[in-house]
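Reader: I've got a structure to look at and a pile of labels I don't quite trust. Could you walk me through where they come from?

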Amino acid sequence: MAMKALSGVDAAFLHLETPQTPMHVASLSLFDLPAGYRGHFHAEVKRELAKRLPLVPIFRRKLAPMPLQFANPVWVDDDVDFDYHVQHMTLPAPGTFAQFEDCAARLHAELLDRGRPLWRLCVIDGLESGQVGYYLKAHHAVLDGEAGVLLARTLFDTTPRPAPVRGVRRGRAVPAGEHPGVVELAAAALRHDAGQYIKLVRHLPDVVRTLAGMFGGSRGNVARPRGRSESAGGGALGQNFVLGPRTPLNVQITAERGFAALSLPLATLHALAEAHAVTLNDVVLALCSGALRRYLADHGGIPKKPLTAAMPISLREAGDTEYTIRATMPLVNLQTHIADPLRRLRAIHEAAGAVKAMVRQAKGMVPMDFPSIGVPWLLHGLAALYGRSHVADVMPPLANVVISNIRGPEVPLYAAGARMSTYYPMSIVDHGLGLNITVMSYAGALGFGFTTARAAVAEPHLLTQALAAACDELAAKPQRARGARRAA
């Protein structure tokens, strides 16, 4: 029977998962129901999903574990119980947006059932606005941010009238008794690992040459000369290779989650990027940096040492529509020690630009797969030990926060005739990393999703307030011409 192997990176998110650290990602949306709507949105969503099931292979894949968990599991096709996978909840009165965020946070804290396909959707009504909410989560072993955008374009329509689903036939679901046996699974694992060892040996010389060229040629530029400005380009890459300072965000966490969301006009942020000759991603990092400065000023103080962010960068080639992870996550200096927002933006521009250049140079060398025999025991054991040891409470963090910026759909999307008005991403937090800021553009807006561990951030809405203030602060600064900035 057909089996699909998980890549080494995909499987790592399975093995690192614990009850305190679920490894799924999600989206949270609000839909405007058509005027005079008298239907049942939850039931209509289920019907539409059932029609599109042949187009979404990840919705019907489940895990077939290896004997004794000695290697990574594989995906096999399975039946889908829509009554289980598509939930319905009603918020208690009055149904505020804050209640909606809290409901999503509670749903986000729940582990996915590994005996079923690794996704779940919840339709949430009872909002005082009259809108309907849509919380959809899938395990990170199933997809990354770019694949999540592909999923959205497959699940939703671009017009109020649902498009007919034609030309796709679904294969037969595999009954439980026909799932692969011990011998078949073991043979698949051995074939996979043999192929990975051959690939490793074949590409090792190229990896060594690339790394030698990257770091050997820039060794003298890592340390910034004394008295040189923060935005100097020579030491921009070296600024990112430092441990972050200890902050209230970087603690041992529990399973409880928090969430807060805010949309900012995309045109406003593009105008800021154009005015200061930087990228949209630089503006996003600068706004997050400013928000963190404001939040930490009231929660332990702004560290003298700048915060460091882990910044996922997609490695997908054009046209790659595979539901898997194709990304790397380097570090970038957030320059939070710089008070002036324009100086901070310019310094972030240099630091982030150096990181992106490094990733472009090493793109072909970043492994997405590797041998798996023994890996489940090792990674799961290390994750459990890390959680029990409370090391995160004493060790300097490698990164203080995760900040991910994803380009989403540019046109409005619809579900069962209702228009999606907002789209907010939700992601993963971990021990020592209690805040994840994921940003996705959608139909003229940029949706900021602050996923928090309650142990690290008790009041997530304070972060969105700080973000709005940081945006106002940057927008109020005088704009500078490109030539003037480069000469500074």
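Author: Sure, starting with burial: buried means under 20% relative accessible area, exposed over 50%, and partly exposed in between (1.4 Å probe, protein chains only). This is a predicted model, where local features need pLDDT of at least 70 and side-chain atom pairs count only at pLDDT 80 or more, while totals for chains, interfaces and linings use all residues. Residues are numbered from 1 along each chain as its sequence is written, and side-chain values use heavy atoms, with hydrogens and water left out.

Reader: Why does A443 count as partly exposed?

Author: A443 has 29% relative accessibility, so it falls between the cut-offs and counts as partly exposed.

Reader: And what makes A416 count as buried?

Author: Its value is 12%, which is under 20%, so A416 is buried.

Reader: What is phi like at A416?

Author: Phi of A416 is near 50 degrees, a positive value in a residue other than glycine. Most residues other than glycine have a negative phi. A443 has a positive phi too, of about 45 degrees, and isn't a glycine.

Reader: Why is α8 called oblique to α11?

Author: Helix α8 (residues 280–297) and helix α11 (residues 461–476) pack at an angle of about 120 degrees, with their axes 8 Å apart. Under 35 degrees is roughly parallel, over 145 roughly antiparallel, 65 to 115 roughly perpendicular and the rest oblique, so α8 is oblique to α11.

Reader: Which peptide bond is cis?

Author: The one from A93 to P94, with omega near 10 degrees.

Technical notes. Axes fitted to C-alpha atoms, helices over the stretch in contact; angles between N-to-C directions. Helix = DSSP H or I, 4+ residues; strand = E, 2+ residues; numbered from the N terminus.
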